[in-house]
Amino acid sequence: MDRNLAKALRVAWELPEFRDGLRHLVDLDEVAHLLARLSVADRDHEVERSLLTLLRTGLDTPEIREAVLLLLENDDVRRPLVAAVQPLVKKPGQAAAIASAAEDPTVRREVRAALDSARVRELIWQAIDDQQSNKRFGLIRRAAVLFVRHASVRRLTWALRRHGVLRELRRDS
């Protein structure tokens, strides 16, 4: 897992509005501890696995998934989160593209549509497992299946492309 992604998750977790929205659904101390351990340079792969398992459980639990999506749709949570993550992004173009996409209701709607599909979530987790195991072919195959078979993923991809997110992710430092 990318260290900056872990830092971004930690920033989200430290927002009082975000934590209050999830307080009754998850063990906040466990998540805070995992995020703190992940955001340091030298970390154990077991910590990464633990956080991925926790994230997977959260996304597969309808109440937690819905709570997170509702919080991200709330301007009072989303905007401070995007602002706090901006300094973590090394490329200014990438930061601007992500901020632009986060403010687009179409992107948020397509994220919801994609995450509401159990099959899409399963393919995403298989792709993450492939990436963690350095199985590049499996990762590419899963991404292709997601794009070809799931309209919500296709629409999300095009929405992210319109904001320049995909271009910025490909761009070298």
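# A briefing on an all-helix pattern and its contacts

N134 has its place in the loop between α9 (118–132) and α10, in a model that is predicted rather than determined by experiment. The protein as a whole has 12 helices and zero strands, and of its 173 residues 37% count as buried. The points below begin with the overall build, then turn to the nonpolar cores, to a helix with its partner residue, to the aromatic pair, and finally to the residues around helix α10.

**Overall build**

- Read along the sequence, the protein follows the pattern α-α-α-α-α-α-α-α-α-α-α-α, which fits the count of 12 helices and zero strands.
- Among the contacts in the protein with a separation of 6 or more, 67% are accounted for by residues 24 or more positions apart.
- The protein exposes about 10,100 Å², and carbon and sulfur atoms supply 56% of that area.

**Nonpolar cores**

- The largest nonpolar core has 10 residues in all, and these are A12, W13, L15, F18, L71, V77, L81, V85, V89 and A95.
- Two or more residues of this core are given by each of the elements α1 (3–14) and α6 (75–85), and the largest share, three residues, comes from α6.
- Apart from this core lies another one, of six residues, and its members include A97, A101, V107 and V165.

**Helix α5 and its partner R112**

- Helix α5 covers residues 62–73, and its 12 residues should span 16 Å at 1.5 Å a residue, because the expected span is 1.5 Å times one less than the number of residues; the end C-alpha atoms of α5 are 16 Å apart, which agrees with that expectation.
- The buried residues I64, R65, A67, L69 and L71 lie in α5, and one of them, L71, also belongs to the largest nonpolar core.
- R112 has its place in helix α8 (residues 105–116), and at 17% relative accessibility R112 counts as buried, because the cut-off for buried is under 20%.
- Leaving aside residues up to four places away in sequence, R112 touches E66, L69, L70 and E73.
- With E73 there is also a polar contact, made between the side chain of R112 and the side chain of E73 at 3.1 Å.

**The aromatic pair**

- A search of the whole structure finds one aromatic pair, and its members are F147 and W158, whose ring centres are 6.0 Å apart.
- The ring planes of F147 and W158 stand at 70°, and planes over 60 degrees apart count as edge-to-face, so the pair is edge-to-face.
- The pair links distant parts of the chain, with F147 in helix α10 (residues 136–149) and W158 in helix α11 (residues 151–162), 11 residues apart.
- F147 is partly exposed, with a relative accessible area of 28%, and W158 likewise counts as partly exposed, at 42% relative accessibility.
- W158 and V107 are 51 residues apart in sequence, while their C-alpha atoms are 9.2 Å apart in space; V107 is also among the residues of the six-residue core.

**Around helix α10**

- N134, in the loop between α9 and α10, has a positive phi of about 60° although it is not a glycine.
- As background to that angle, most residues other than glycine have a negative phi.
- At 70% relative accessibility N134 counts as exposed, because the cut-off for exposed is over 50%.
- V145 has its place in helix α10 and is partly exposed, with a relative accessible area of 21%.
- V145 and V120 are 25 residues apart in sequence, and from C-alpha to C-alpha they are 9.5 Å apart in space.
- Not counting residues up to four places away in sequence, V145 touches L123 and H150.
- H150 is found in the loop between α10 and α11, and H150 is buried, with a relative accessible area of 14%.
- With the same neighbours in sequence left out, H150 touches R119, V120, L123 and V145, so that L123 appears in the contacts of H150 and also in those of V145.

Technical notes: Residues numbered from 1 in each chain as written. Predicted model: local features only at pLDDT ≥ 70, side-chain atom pairs only at ≥ 80, totals over all residues. Heavy atoms only, no water. Phe/Tyr/Trp six-rings, centres within 6.5 Å; stacked < 30°, edge-to-face > 60°. Helix = DSSP H or I, 4+ residues; strand = E, 2+ residues; numbered from the N terminus. Buried < 20%, exposed > 50% of the residue type's maximum accessible area, 1.4 Å probe, protein only. Contact = heavy atoms within 4.5 Å. Areas by Shrake-Rupley, 256 points an atom, 1.4 Å probe, with all protein chains shown as cover. Polar contact = N/O pair within 3.5 Å; in protein donor to acceptor, adjacent residues only side chain to side chain. Core = buried A, V, L, I, M, F, W, Y, C linked by side-chain atoms within 4.5 Å.
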